[in-house]
Amino acid sequence: MKYQNILEEEIKNKVAQNYFDKFDCTKILGKIDFAVKMKRKSSNLLSLEDFAGFNAEYLLWAEAKQKSTDIVAMLTQLVLTIGKARTFDEIMPPPFLGCYDNEKIAFVPYSEIQHIFYQNDFNWKITPSDHETREFKQVYAQINKILNNDTPWETYIFDFERDEKDLKRFIRDNFIVGKSETTKLQIDKNNFIIIYGKWLQTVKPTISINWDIAKRNGIIDGDFYLADLLSSENSSIKENLYVVLKKTQYEANKHIDDMGLFTSSAVTFKDGQKAHNQFWARYERPPRAEYWNYIIDRHDLLVPQDVRERKGSFFTPQVWVEKSQEYLANTFGENWQDEYYIWDCAAGTGNLLAGLTNKYNIWASTLDKADVDIMHDRIANGANLLHDHVFQFDFLNDEFTKLPQGLQDIINDPKKQRKLVVYINPPYAEAGTGLGRGFKTKVALEHATHDYNKKIGNASNELFAQFFARIKDKFPYSMLAEFSTLKILQAPNFSKFREFFCAEFLKGFVVPAKTFDNVKGEFPIGFMIWNLSEKKIFEKEELAVFDSKGNSIGTKTFHAYSKKNAYINDWLRKFHDKKDYPIGILHNNKNDFQHNGQVRITTDDIKDHTTPITVNNLIEMCIYFAVRKSIKHIWLVNQDQFLFPNKNWEKDLEFQNDCFAYALFDNKIQSKYGVNHWIPFSEQEVNARDKFESHVLLSFLNGKVVPNGYATLFEQLEKKEYVKREFSPAATAVFDAGRELWKYYHEIAGQARNDREGLYNVNASLYDIREYFQERNDKGKMNNTSTDAQYTELIGILRKELNALAQKIEPKVYEYGFLIN
C-alpha cells in the first residue's frame, strides 16, 4: 500500500502533492474532504460570477479515508455530504466526484450522479457517515446500481502504486479548465441545472407570455430555457424542441389549430431582449454536441425548487412516522393494518409507509413518475409494498376512475370506505412562502379543487387544505390521518374550512416543524386522526407534545379562532389618540405569536400597522406591548392568538405599572429620529452632563402628566401638584438596573466625547446606549456583544431583572384573557 500507517490528513497532503501539484487543493469547501480547482491567474479584478462562486473552476470533489474502504460507501458519504449542504446551489459542480483511501482512488462523472440530489421526499439532514440510516442505504443502492448497470457509465479506479502512470495521464487529460479565453463559462452536463436557476431569476420575468396558459398547453419555462441553451447566435440549433429561439423572439411549436394541426406562436420580450442578451453574454452557447441529447433527455430536472416543494410533501422523519403509526394502532386497535385499508395519496417515494406490514391493504400514489419508479425499485429490493398498488395519480386533478380497480371498489362502497384510512403528509405550499404575489391565486385556482374555494374560503390558498377538502368531499365515511400545520385547528382564516370539514377529532400530537426536511420557522406540525363520518366542528382539543428527539414534554390545548372572536388589536383601537402630541409609535401587526417580532416601540413612523403613543394612551400602549413581548415566542405557541381582554385589568394598577416599566426598558426608541421622550430618570440621577431635551416621561412617572387629563400635554407640564406612580419590587429592580446603566453611559461617553467627537448624546435612549457600547459591524448591524466588561455586566443585570418582571406579568396575561390556556 502506498500510504500505509499514516493519518488521513497526511494522505490528503500527499495525494495533493503527488498528483494534483498543478492545481489548488487548499480550499476548504464545507465538509467535503478534498477539493481540487484551477489555480487563479494573478488579477485584482473579480467578476460578479466570482462572488457567486461560479468561476471557482472546481474539477473534483472527493471523499477521503485513512484505511481501505468500499468505493460505493465512500461515494455515498460524499453524495450525502454535498446534498446536506446543497453545495451545488452556491458553487458550480465539478466534472468529477471521487473518493480515495490509502491504496486507491476513483473518479465518477458528476452528471451521472446529480439526479440523486433532486429526488423528492428525501431526508438530507441525516449524518452522512452513519452507514445504518435508511437514507445511506438508499443512496448506496442507487450508486451501486449505476456502477453495475448493463451499460455502465465510465468509472475510473486507479491503484496508487500499480496504476500511477495511468492515474497521472488521466488527470493530465481530463482535469482541464472548462472556460474559454473570453471568460465565457462553458455549459455542460454538470452545470446546466445551476444555470437554469439563474435563468429563472433573470430571463424568465422578461418573456412576454402568460405562464398559466402555456402550462395548460404543455409548455413550461424549461422549454424556453432549452431553446436558449441549444442555440447559436440567438437561433436554436435543434428544430424538434417545443420552443425554439429565432433571433429576437421565441416560437412555440406545440400549438394545435382548429384543424388539429401543429402551428407556431411568436413570443417576444418585455424589455427588448436586454436582460436575455446580458445573461447569455456570460455563457458559451451551445454546449458541446456530445451533451445535447443528455440535456434534452434530462429536461425533467428543469423544475424550480418551489414547484418541487409543491409537488412533493416534506420528508417525514422516521421518528414521526413511527410515532404516527403508534397513534394509529392506539386509535384503531393493534390489528388495524389487517382491518383497515391504507392509502397515501401524496406518497412521494413512500417514506410514510415504511414500517407497515400488510402490503395487500396498502396503496400509494404520487404526482411524479420518477417517484413511482423509485418505489417500484424499492419493491424490487424488498420493500413491503405491492407493485400494482403503487401508481401515478394527480390527487387534486385526476378523476377517480383512473384509480386501480381494487381501490375504486373501496372508495365506491360506503361500508368499505368506513375502513379506509387516508394516511398522508401533503405538500404545504401557500401564499406566504416567498413564491411571489401571484402564487396565492395560483394555489387557489390551478387545481380542479378550486371548486371548493367558496366552501373553505381563504384556506383554499393552501394545498394541504385542498387535499383535505377533496378527501372530505369524496370519501365522507373514511378516516383521515394527516400531518399538517395547526392552521387547520387554530387559524382565524380557516374558520370557514372548519365548518366545511366538520369531522370528529380522535387523537393527535404536535412536534417542532424544524424536524422536517426543508422546513424553516418556529411553529408546530401536528399529526391528527379524524373520523370524517361524524360531524363535529372543531373548537378545542388537547394534543400530546413531543420535542425534536421524540421525548414527551406534556400536552397543550389548542383552540379554534374565528372572526367571531374579539382580538387584542380590536381592543387597541379603543385607545387610538390622533389629537394629542405623539411621544412614540407602537408598531403592531396581526394578533398571533408569529407576528410578535414586528411589535415594537420606536420614534419613527413607517405608516404601516402603527399607533401613535400619547400621554392619554401611554399605559394602554405599554400594556399591549408588554402582553405581547413578555412571553417568549416558542414553536408551540406560534398560532396562539392574543384576544380582547376582560375588564379586570382596569382595576389592577400594579399590573398596569409593571407593563409600563417593562415597555420603558425594552423599546427601540432612537433619538436620531426625533426628540427622545422616553428617559425615565432626571439629569441628577444619572449625572448627565447637560439638560435633557424632554422630561415628559419623568413628569408622567411623578404624576405631573395625567392620562386623559383636562389639558394638553404641554399645558399639563405647567401643573404644580402631582402624585407619583408606585411600582412593585420587581418593577423597581428594573428601574434600579436601568439607572446604573444610564449613569455608566454618561460617565464613559461623557469623558470620551473629546476622543469620540459627536458620539456622546445627553438625550441617549436605551437603544442609543446599546449602540454606543456594542457598536456596529461592517454591514451596519449592531453587534451582539461589547468589549466593555462593565457595560456587559450592567446590561446583563438589566436583562435579568426585565426577565423576572416578564415572568410576573405572564400569569396576569392569562388571568385577564389576553391569552387562553
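**Exercise 1.** Classify Lys 204 as buried, partly exposed or exposed, and describe its salt bridge with Asp 221.

*Solution.* Lys 204 has a relative accessible area of 21% and is therefore partly exposed, given that buried means under 20% relative accessible area, exposed over 50%, and partly exposed in between (1.4 Å probe, protein chains only). This is a predicted model, in which local features need pLDDT of at least 70 and side-chain atom pairs count only at pLDDT 80 or more, while totals for chains, interfaces and linings use all residues. Residues are numbered from 1 along each chain as its sequence is written, and side-chain values use heavy atoms, leaving out hydrogens and water. Next, the side chain of Lys 204 meets that of Asp 221 in a salt bridge at 2.8 Å, N to O, the term requiring a side-chain nitrogen of Lys or Arg within 4 Å of a carboxyl oxygen of Asp or Glu. Finally, Asp 221 is buried, at a relative accessible area of 8%.

**Exercise 2.** Find how Lys 323 and Glu 326 are placed in helix α12, and compare their accessibility.

*Solution.* The two residues lie three residues apart in α12 (residues 318–332), so about one helical turn separates Lys 323 from Glu 326; helices here are DSSP runs (H or I, at least four residues), numbered from the N terminus. Their side chains form a salt bridge of 3.5 Å, N to O. Lys 323 is buried at 14% relative accessible area, whereas Glu 326 is partly exposed at 39%.

**Exercise 3.** State how many salt bridges the whole structure holds, and name the members of one network.

*Solution.* The search finds 31 salt bridges, and a network of them links Glu 8, Glu 9, Lys 12 and Asp 33.
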